[in-house]
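Got the viewer open? Load the model and follow along, one selection at a time.

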Amino acid sequence: MSQFASTARRAGRRFVSSLPALLGVLVFTFLLMRVLPGDPAVFFASGPTAGKEEIETIRKQMGLDKPMPEQLARYMLDVAQGNLGNSLTTGQPVSKDLRERLPASLELTFAALLIALLSAVPLGIAAALKPNSLVDHGVRLLCALGVCVPTFVSGLLLIYVFYYLLGYAPDPTGRIDIFTSQPPRMTGFLLIDFLLAGDLSGWWAAASQLVLPAFTMALFVVAPLARITRAAMLSSLGSDFVRTARSIGLPRWRIVVVYALRNAILPVLTITGIVFSTMLGANVLVEKVFSWPGVASYALDALLASDYAPVQGFVLLMAFIFVIVNLVIDVLYGIADPRISIE
Amino acid sequence: MSSATLKHAAFVLRGNPLTAIAAFATALLVVLAIIGPAIVPYDPTASDVAHALEAPTAAHWFGTDQLGRDVFSRVIVAARLDLAIAASAVVLSFALGAVIGSICGYTGGRVDRAVGRFVDVLMAFPLFVLAMAMVAALGNRVENIVIATALINLPFYIRFARAEVNVRRNAGWVEAARACGDSHLSVVLRFLLPNILPAMAVQISLNLGWAILNAAGLSFIGLGVKPPTPEWGIMVAEGARFISTGKWWLVAFPGLALMFCVLCFNLLGDGLRDILDPRMRT
Amino acid sequence: MTEPLLRIEDLAVTFSTRRGPVEAVKGIDLDLPAGRMLGIVGESGSGKSVTAFAVTRLLDAAGRISRGRVLFRGEDISRASSKTLRAIHGAAISMIFQNPRAALNPIRTVGLQLADALRAHRPLSDKAAREKALELLKTVLIREPEKRLDAYPHELSGGMCQRVMIAMAIACEPALLIADEPTTGLDVTTQKTVMDLIARITAERQMAVILITHDLGLAAQYCQDVVVMEQGRIVERAAPEALFRRPQHPYTRRLVAASPTPTSKVEDLVADPEYHVPLPPEPLREKPAAGTPPLLEVVNLVKRYNHGITAVGGVSFSIGAGESVGLVGESGSGKSTISRMICRLIDQTEGEINFEGQSISGIPADGFHRSPYRRQIQIVFQDPHDSLNPRFSAFDAIAHPLKRLDRLSNTALKERVLDCAAKVGLPANLLDRFPHQLSGGQKARVGIARAISVRPRLLVLDEPTAALDVSVQAVTLQLLERLRREDNLSFLFVSHDLNVVRMMCERTIVLQNGCVVEQGESRRLFDAPESEYTRTLLAAVPHFEGAA
Amino acid sequence: QTRAETLRYVTGATVNTLDPTMPGSTREAFAVSLSTYDRLVSFGRKQLNGKWVFDLDTVRGELAESFDVSPDGLKITFHLRKDAKFQDGTPVTAEDVKWSLDRAVTANSLAKAQLLTGSLTSTDQFKVIDPYTVEVTLPKPDKLALPNLATVYPVIFNSKVAKAHATAEDPWAQTWLKDNTAGSGAFLIETYKPGEQVILKRNDAWTRSASNGQAAFKRLIVQTVPEAATRANLVERGDADIVIDLQPTDAAALEQKGKLKVISTPQYNAINFISFNNKIPPFDNPNVRKAIAYALPYEDMFKAALFGRGYPLYGATWADGKAPSGGFPIPQPVNTDLAKAKEYLKAAGMPDGFSTTFSFNVGQANVVEPMAALLKESLAKVGIKVDIQKLPDAQMSTLINEKKVPFFTEGIVAWLPSMDYFYRNFYIGNIRWNYSSLDNPQITEIAQAARFEQDKAKYEAMGRELNTLHFEIMPQIPVWQASQDAVMAPSIEGYTYQFHRQVDYRDLSRK
Ligand SMILES: Nc1ncnc2c1ncn2[C@@H]1O[C@H](COP(=O)(O)OP(=O)(O)OP(=O)(O)O)[C@@H](O)[C@H]1O
Ligand SMILES: Nc1ncnc2c1ncn2[C@@H]1O[C@H](COP(=O)(O)OP(=O)(O)OP(=O)(O)O)[C@@H](O)[C@H]1O
Ligand SMILES: [Mg+2]
Ligand SMILES: [Mg+2]
């Protein structure tokens with residue numbers, strides 16, 4: 001269909017036009033990392049007897065003995081070939097580490113986003129249907145409460161209450177209870193892999209591990225989502241076409257869902273995209289608190305250790321995901337809003 | 001602000017008790033930030049190891065911390081620094097973002113595309129990690145925390161200002177100003193910028209809270225302000241580690257202060273939106 | 001007499017605002033028999049729309065019917081339950097709104113929206129609904145209806161959207177159709193076709209119609225009865241011929257007088273002696289000495305935008321000192337583009353603009369603010385509200401060019417501003433108000449005062465009254481005319497209202513698709529148009545003389 | 001296997017390699033390698049204040065059934081156990097030992113620098129006598145040669161397997177061994193997720209535990225849990241069996257609750273210092289250093305930072321101003337005495353004090369931050385204005401290595417904590433670990449001489465001299481030896497404080 005073709009073409013154009021941004025991210029990160037005063041070689045040559053020689057060894061191993069432009073050129077060449085370098089922190093190739101950890105981060109982020117959307121959209125709608133009512137104020141307060149607690153505090157509190165005091169939650173030590181055997185890795189998403197393996201108790205174990213961290217993260221993003229849903233719903237409920245819909249006698253639910261909500265979804269979609277990519281990068285703290293083996297905590301450790309390659313790889317990955325998410329949002333937007341595709 | 005605006009504000013506040021409360025509380029916070037150090041019962045940095053980690057008592061309303069410092073005094077005194085961090089970070093990114101964004105939105109064309117690219121690069125960064133890296137690179141001084149927070153907010157301001165100016169750049173009064181002999185630059189700076197200010201005020205108030213949380217997050221991973229400076233974020237971050245040993249007051253009080261502050265800003269932002277929304281006006 | 005289809009008894013509508021309750025409709029009585037078309041006219045804010053929404057119970061949450069009854073087929077619907085209303089909406093009473101594009105759901109195809117309207121009241125299969133929708137589109141004379149069924153509103157022109165809106169309104173064969181300014185925002189020519197369509201369809205189906213408009217001509221042309229509303233009350237009701245020939249109520253009289261007709265003069269526009277300030281006589285102008293260049297000369301002006309749109313394709317004309325030249329044409333014909341080029345707000349692609357014999361087209365628009373000619377050419381914009389900076393008080397707005405171009409300050413500035421304000425009849429006590437605190441007519445005055453404050457020679461008026469009510473328009477036009485006569489200003493008067501241009505301008509230029517199709521003495525041009533296009537334009541103008 | 005047969009160890013750090021000699025190996029990696037590989041010899045253990053700690057002075061055979069040292073101390077002969085098998089079932093032979101030791105002194109790895117301290121530098125020193133006998137030759141008799149072979153580096157690889165994975169660029173199969181093991185140790189790797197967890201299962205063929213049996217646990221989980229509070233929760237709720245890196249508060253709280261077994265051992269081979277760079281003014285002035293030594297609020301710092309969990313190195317009295325003992329470290333005769341501090345400042349020509357920056361590692365903030373705050377407060381009382389600087393770990397180590405930090409706190413560890421080892425490795429030369437950048441010919445000379453001093457009494461005298469000198473010039477201030485708090489389920493037994501400050505999983509069993 002032509003709409004599909006035009007959407008695809010637009011997506012393709014968007015992707016190509018975002019390549020320079022990716023390159024910018026790459027160079028910028030590279031430079032930023034070199035500005036860090038820490039010398040990874042020294043940090044990692046920390047054996048009890050590490051001396052000058054050992055530092056030099058590591059430095060050579062990391063290519064730090066070369067002049068900076070050469071390092072950059074080499075790095076770009078490597079990246080072009082899919083080689084993101086090696087992590088000193090884990091001793092593994094960065095691309096392998098990221099590949100292994102990304103599903104964890106994505107699974108967490110998706111779960112959090114799902115929780116957030118499932119609570120924010122109804123809240124936003126409820127608020128918009130009765131603006132300035134008690135419901136509206138309640139939603140507003142609830143949202144504000146969600147964003148005013150630092151995630152690490154809400155995370156630690158949730159652990160304290162649900163794990164330590166009540167014992168409802170499993171131990172907050174990663175994606176799955178250590179005594180549950182892992183499913184065969186197909187997608188890397190445990191919830192999916194367990195289903196594919198037909199292991200329901202495993203699925204349950206993984207899901208219950210996921211609840212607390214996902215909830216912690218969701219808490220923080222419910223507010224922007226609910227807020228935008230409310231605003232979008234208000235404006236579409238007040239729009240002329242909703243009045244038209246009323247004037248032709250459509251049932252109320254149809255007006256709210258088909259006419260108002262479907263139009264209000266557009267701005268919500270945009271915000272969802274932004275929220276998703278910020279979550280993915282900003283869940284450092286949640287991952288840390290819940291020992292979640294994701295990419296963000298990986299990058300944090302590397303950053304504190306001035307371990308260049310993982311940080312650079314992480315940032316590049318995030319930028320790439322950002323671009324992809326934007327593309328997806330764009331495509332969804334194009335599908336949801338026919339006005340876009342002709343531009 | 002004209003008297004009509006004030007009247008309108010009063011009207012909105014009456015219809016919206018949460019905003020009114022938030023406005024009052026924010027005012028209180030500001031007062032506290034100003035007079036805080038003068039009214040606290042103890043020197044916020046004076047240690048007294050003999051009385052370390054004591055639960056709240058009549059002498060120490062919020063208890064004492066690991067060094068026996070009075071948590072109450074520290075929480076109060078921290079208001080100034082926290083508000084300063086939030087305000088200066090937001091003002092910095094706002095000032096830069098508004099000017100850059102306005103110019104882009106007004107001129108369009110090549111400048112706009114170039115800046116757009118830069119914004120894309122910034123946006124594509126995982127922003128919290130960027131802030132971490134910046135603070136790590138520049139050193140964890142208050143200025144650098146402010147700069148990092150400002151930088152990661154910058155793209156949003158640029159985009160926002162750009163969009164706001166874009167819808168106004170074809171307004172009659174913009175052309176009228178040019179017909180009255182204003183150059184493009186003066187149209188942007190004297191006409192468009194003041195006009196988008198109210199809309200941005202909402203963004204600002206929401207961001208204020210966010211800036212404080214950001215600083216708290218940096219503290220949690222060890223990149224916050226220097227000890228022994230009292231700052232809510234760092235107090236919460238340190239106190240959080242005492243949750244499991246039941247020393248709840250270490251995290252609870254600074255945490256509540258932080259929450260309270262962020263909550264006020266958020267509610268205020270919501271209310272501000274209503275005050276400034278022309279559709280709400282009759 | 002049988003029971004009328006709709007009977008309104010003592011209907012009052014109250015809005016709760018922050019200044020307390022406001023009664024927007026203050027007790028009106030109205031009868032509408034089946035099959036008749038009733039016009040409601042009146043100035044903006046007189047309560048026309050509120051009445052319509054009250055009848056259909058589509059009022060905002062803030063408004064409520066505080067008094068009175070609305071009897072539809074003898075049944076009071078003013079307090080009907082939402083269930084009853086849903087059954088009535090669309091099936092018995094439907095509405096057509098102003099701004100058809102916004103009134104349609106932008107992300108739903110026309111076909112689906114029509115189907116929604118159909119299926120709201122009768123159970124229809126998808127296929128049947130689609131077929132019925134197609135039929136409806138054929139009824140409203142949309143070209144290629146099969147294709148339009150799957151089109152989105154943004155893919156249709158404004159006129160087409162309005163047709164779709166009409167199709168939706170008549171989908172379930174209601175007995176009453178309420179059209180709230182159905183043609184505002186449409187071109188004169190489109191307006192005519194849409195109105196003709198409504199008239200024909202409703203006549204065919206014996207539907208009663210309430211046509212809400214502020215265009216007296218339109219009401220006169222199509223309605224059997226007209227009511228005039230003023231400030232929430234009905235002040236007069238009569239058949240159109242009688243109403244416009246012999247208006248009884250002073251308000252109606254004022255309204256009729258203020259509506260320009262092919263024969264009216266600027267002097268006559270204001271009927272109310274209270275407002276009437278006699279115009280100075282037309283100054284006697286000496287014929288300019290041979291060889292003196294005209295004040296403004298435009299030679300072969302071309303403007304092309306990116307994407308190869310040619311907005312203006314080689315326009316030449318000139319304006320003498322003290323002369324007023326009209327520029328008319330459909331929407332999109334390039335009128336504003338020409339105005340902006342002459343004001344040096346945008347650069348032309350090709351062509352020459354000479355001011356008093358000096359070429360000003362060589363000065364780039366970006367740098368024109370430094371040119372001494374800047375103060376000679378000023379502009380008044382279409383929408384007086386949009387052209388005032390919301391953060392400038394009236395004083396600041398008028399003072400702004402004086403500060404910039406004349407470098408005045410303090411007392412000198414103040415004097416000049418007061419002077420200008422007085423000249424345009426703006427009370428000095430309004431000067432510290434902000435735009436949103438001023439009425440439309442007051443804003444228009446501020447805009448004009450700002451433009452004349454630096455004493456320009458040429459004033460470009462880009463549809464200066466398009467957003468104003470007829471009575472305000474009348475006053476504004478008189479004001480402009482007086483300024484021209486007193487100060488020997490030259491006008492380039494852009495408008496799509498041919499009657500206004502005929503009144504205001506000695507010469508008229510007719511523009512189509514960026515090209516001049518005809519230009520000449522206004523009187524000659526309107527009496528005996530040479531080009532087909534001009535004739536179409538003239539024919540489409542509604543006028544109430546014709547109704548007689 | 002059941003939960004009871006599994007040991008779950010949680011830690012804030014990560015295992016980043018299976019080859020302990022890889023540059024950048026973490027301490028957790030050492031601990032894992034100790035279980036997957038055997039070495040020729042290992043340390044015995046002794047009781048110190050009622051707690052088991054490793055004993056530097058008793059070295060016993062591990063893969064070696066026995067060993068003899070020649071009377072001149074130049075030859076050590078190892079007789080390998082005949083029953084020792086690699087995890088693939090092949091016997092451990094002298095060839096494997098030779099290959100492994102060659103690798104240790106040749107390959108670019110951590111082992112090289114370590115073995116150097118035991119005079120082990122060249123492949124020529126290792127000779128295969130017969131399939132079960134290896135001879136190590138030393139250029140000089142060296143007390144540290146044998147202990148060096150008991151450290152984590154000279155592990156014995158299955159040379160056949162390793163060689164199969166060696167390449168021309170990588171003759172020692174370092175790449176492969178990073179992610180794989182080829183050892184004869186008590187445990188086999190089951191899964192290895194760097195940065196997350198390592199799961200090991202028992203090597204049933206291994207019977208070299210203290211009781212000459214298999215390892216007690218059938219399964220071993222080493223898991224990374226970055227949040228210290230969470231680790232405390234885990235062990236308290238019984239979900240984890242043992243943890244050694246809790247915050248002092250948590251350890252103290254858990255000890256107080258009494259539900260768990262808490263074994264708190266001062267890390268007697270590690271020392272925490274308040275350090276100065278003796279080359280950067282004003283710290284080049286010994287009076288300034290002494291002033292600070294007397295201005296530090298030792299007791300408060302010890303209490304607030306460590307909750308008293310450690311062994312203080314202050315507050316001693318040296319009767320005649322001379323060190324009473326030749327060990328290192330020993331408590332210093334300093335205490336908080338602001339009047340004295342002021343005197344020293346006056347003597348240094350700075351009666352009104354000065355301003356400086358005190359730096360520490362973000363990674364140690366838990367402990368050090370309160371300490372820094374107290375230090376700042378106390379020094380302010382004598383007029384020294386301190387700005388506290390918290391540096392990410394990598395930055396801190398870089399700056400220290402570049403000798404750019406004037407005033408900071410850091411710690412040191414010695415695996416082979418003999419007095420001369422400390423002085424030689426932490427006070428000599430332009431190396432990172434010479435925090436004070438000390439360049440004192442007298443200390444250098446005595447320390448070098450002590451290395452090869454075989455006479456115990458003379459060695460002791462040298463130690464006393466060095467200690468006295470150290471106190472006189474005060475290059476840095478030893479403050480304490482922090483405790484390692486091993487918190488474990490009450491059922492866990494056999495915990496010993498080890499030289500690498502990690503748990504030796506093979507020691508542990510469940511009641
Ligand atoms: N939601 C509302 N809240 C308060 N007042 C309102 C509201 N809607 C309409 N009004 C008031 O009701 C009066 C009548 O408005 P109405 O829209 O009926 O005017 P109108 O005759 O249709 O004018 P126009 O020609 O501009 O459409 C106006 O004074 C307006 O201010
Ligand atoms: N900035 C622009 N870029 C591209 N095309 C433009 C631009 N401005 C105007 N146009 C096009 O130029 C043509 C003439 O526009 P213009 O605004 O001059 O018409 P107009 O006669 O003033 O119409 P209206 O009566 O609606 O005001 C239109 O087709 C319009 O779409
Ligand atoms: Mg209306
Ligand atoms: Mg126009």
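Here is a short walk along the boundary between two domains.

Before you click, note that this is a predicted model, where local features need pLDDT of at least 70 and side-chain atom pairs count only at pLDDT 80 or more, while totals for chains, interfaces and linings use all residues. Residues are numbered from 1 along each chain as its sequence is written, chains are lettered from A and ligands numbered from 1 in the order in which they are written, and side-chain values use heavy atoms, with hydrogens and water left out.

**Stop 1: the two domains.** Select 2-80 of chain A as domain 1 and 98-336 as domain 2; such bounds come from an automatic or database domain assignment. Their C-alpha centres sit 29 Å apart.

**Stop 2: the contact.** Now pick the 23 residues of domain 1 that are in contact (heavy atoms within 4.5 Å) with 20 residues of domain 2. Together the domains bury about 2,000 Å², 71% of it on carbon and sulfur atoms; buried area is the accessible area (1.4 Å probe) that two parts lose on being put together, summed over both. Show A:Arg14, A:Leu22 and A:Met33 as sticks: in domain 1 these lose the most area to domain 2, together 26% of what that side buries.

**Stop 3: polar links.** How many residue pairs are in polar contact between domain 1 and domain 2? The count is two, both at pLDDT 80 or more. A polar contact here is a pair of N or O atoms within 3.5 Å; within protein, one must be able to donate a hydrogen and the other to accept it, and residues adjacent in sequence count only if both atoms are side-chain atoms.
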